Amino acid sequence: MSNNNNNNNTPFSNFTNKAKEAIHRAHQLAVERGQNHVNPLHLLAALMLQDESTVESIIARMNIDSVEFFEDVGEMLEDDSGATLSQAMQMYLSPELVQILESAQKIATDTKDQFVSVEHILAAIAEFPGNTLPIITKYGLTKDGVLMMYMQMKEDASKQQAPAAKKQKAIHKYTRSLTKLAEENKLDPVIGRDTEVTRVIQIL
């Protein structure tokens, strides 16, 4: 449902730009808190922090107050404690987060999507909540529920695109593409039609 980077040499080459941005933001959240591991809570917070978040839309569709949900995520994030980061240490993904990212790829395959999106990641978090369990349990967030809302959003998007596609088809049916005709040298020449050309120029 977003644009993508097709560089197959990177671990997240089949993740959408939004999904990769969320993972990067989760990394930043861990660094800001002096932690040397990126966990599911960091990633859930990163998903909620995105502008024009489809994750927020899914949560709202599940009749969950997205503002209250976000506030709870933020409070848990501030209370989260873990290993502190020393300059010699490198960041790593917690085992739970690795499991989530692997599950997200499987979910994308199951939903017949070419790329792993933030919606797949949210469903994976609901399936393997890790340290987000209190929030997932409180709001009744489930993998099946997330995917149901996601599929509804895809269906709604398809319905909105259908009228535009029909209009484009009608345009092709009832009009001629002058650009295409010009490329095929099928346009009538304007040589010898000085009067007509002059009138057109005057009108324009």
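Modeller: Quick bit of vocabulary: buried means under 20% relative accessible area, exposed over 50%, and partly exposed in between, using a 1.4 Å probe and protein chains only. This is a predicted model, where local features need pLDDT of at least 70, side-chain atom pairs count only at pLDDT 80 or more, and totals for chains, interfaces and linings use all residues. Residues are numbered from 1 along each chain as its sequence is written, and side-chain values use heavy atoms, with hydrogens and water left out.

Colleague: Okay, so is Thr 111 buried or exposed?

Modeller: Buried, because its relative accessibility is 13%.

Colleague: And what does its side chain make a polar contact with?

Modeller: The side chain of Asp 113, at 2.8 Å. A polar contact is a pair of N or O atoms within 3.5 Å; within protein, one must be able to donate a hydrogen and the other to accept it, and residues adjacent in sequence count only if both atoms are side-chain atoms.

Colleague: Switching topic: how many aromatic pairs does the structure hold?

Modeller: There are 2. Rings of Phe, Tyr and Trp (its six-membered ring) pair if their centres lie within 6.5 Å; planes under 30 degrees apart count as stacked, over 60 as edge-to-face and the rest as tilted.

Colleague: Why is the pair of Phe 12 and Phe 15 edge-to-face?

Modeller: Because their planes are at 80°, with the ring centres 5.1 Å apart. Phe 12 is partly exposed at 25%, whereas Phe 15 is buried at 0%.

Colleague: What about Phe 69 and Tyr 139?

Modeller: Also an edge-to-face pair, 5.1 Å centre to centre with 65° between the planes. Phe 69 is buried at 0% relative accessibility, and Tyr 139 is buried at 15%.
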